[in-house]
Amino acid sequence: MLLVRMKLLQLLARKPRKILLQLPFGQKQVPYLCLATSTCLYSKKKKVNSYEQFDQEKYKNLVYSVTSYKTSAQTPETILEEDDLLYGSPAKHRPPVKAGTKTPRNWVPLINPNKRIPLLNSDSDLPVKISLQKTKMPSVTRILQQTLSPQQTFYLERWKQKMILELGKDGFAEYTKNLFLQGAHFHAALESIFLSEETASKEQREDIDISGYLSSVQHVLEDVSEVKALESAVQHETLQYLGLVDCVAKYRGQLCVIDWKTSEKPKPFLKNTYDNPLQVAAYIGAINHDANYNFQVSCGLIVIAYKNGSPAHPHFMDPDLCSQYWSKWLLRLEEYKDKN
């Protein structure tokens, strides 16, 4: 019995081998894999981990930051952080210019290089105020209206139809008329403030239609000084267009074309003002190429006043931003001329 057990243990200790099973006559022999376990212990030499040769203390933070992230919890922010740790901060570079960007065919600079500025200004402290004359030149407003994009035209028409459904045709006509009158009265009140360097008249301050607008711009008026032009006509002698500038004055020390706008809805960002930046850029270019003005302007300011008296939003346009909108204005001007 002891011999049988020893034989069995020897068989189990052997390596796995294939055994041919003997099947009944007429069938092929099929190899069969027999697994065996061994009771022998093999003493192999322990492998050395190559990572142990590095200074683990030095790279402890890096290893921890990489191994602590879970793949399922990664976000673009964590990937950027991990990439920054591994490869360092990316080199700063300017984004490539988009292909197909249009450039004006007839380029005219925003600043007039041939305009001479007198060393001493005129003795008169009164702002320039030139009346707008009827000519064959198109106005800035007309050019912008006739070159609206299909998307702008769609939304403008949809708003118009919505207002007509609510107010009716006569009601909508009355609504637009009142908006125009409010804007005219608001500009007149600002003009009286700048000319007298005092607050608006009692009648203007008590006018319900514009009292809220005046309250809205009070904090902006505190930063406006040295008014050089008010409700004055300008024309670009080279590009042949004209316009009526609301105001040219210094805003926080920078000479600007200032455009006063009224709105019933908040417009906290420049992009909310639609084509107003193009209008300001067009006026800046016209002033710089108009011999009636002995100064040049490189900045703009769009002030959005609110009827409810909430603080107005002033949108300042620095020289770089004005140059960008000047290029866009030249494209709109070319589009208008192509149509006409």
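A residue is termed buried when its relative accessible area is under 20%. By this criterion, helix 9 of the predicted model is mostly covered, with 13 of its 13 residues buried. The helix comprises residues 276-288, and its length was compared with the value expected at 1.5 Å a residue. The expected span is 18 Å and the end C-alpha atoms lie 19 Å apart, so the two values agree.

The loop that runs between helix 9 and strand 6 contains His-289. With a relative accessible area of 9%, His-289 falls under the 20% limit and is therefore buried. Two polar contacts of its side chain were identified. One joins the side chain of His-289 to the side chain of His-236 at 3.3 Å; in the other, the His-289 side chain reaches the backbone oxygen of Gly-285 at 3.0 Å. When residues up to four places away in sequence are not counted, His-289 touches Val-108, Pro-109, Leu-110, Ile-111 and Asn-112, together with Gln-235, His-236, Glu-237 and Thr-238. His-236 thus appears both as a polar partner of the His-289 side chain and among the residues that His-289 touches.

Beyond this loop, strand 6 (residues 299-306) pairs with strand 7 (residues 313-317). The pairing is antiparallel and extends over five bridges. Within it, Val-303 stands opposite Pro-314 of strand 7. The two strands form a hairpin, with six residues between strand 6 and strand 7. In the turn of this hairpin, Gly-309 adopts a positive phi of about 85°.

Methods. Residues numbered from 1 in each chain as written. Predicted model: local features only at pLDDT ≥ 70, side-chain atom pairs only at ≥ 80, totals over all residues. Heavy atoms only, no water. Helix = DSSP H or I, 4+ residues; strand = E, 2+ residues; numbered from the N terminus. Expected span 1.5 Å × (residues − 1). Buried < 20%, exposed > 50% of the residue type's maximum accessible area, 1.4 Å probe, protein only. Pairing = 2+ DSSP bridges. Polar contact = N/O pair within 3.5 Å; in protein donor to acceptor, adjacent residues only side chain to side chain. Contact = heavy atoms within 4.5 Å.
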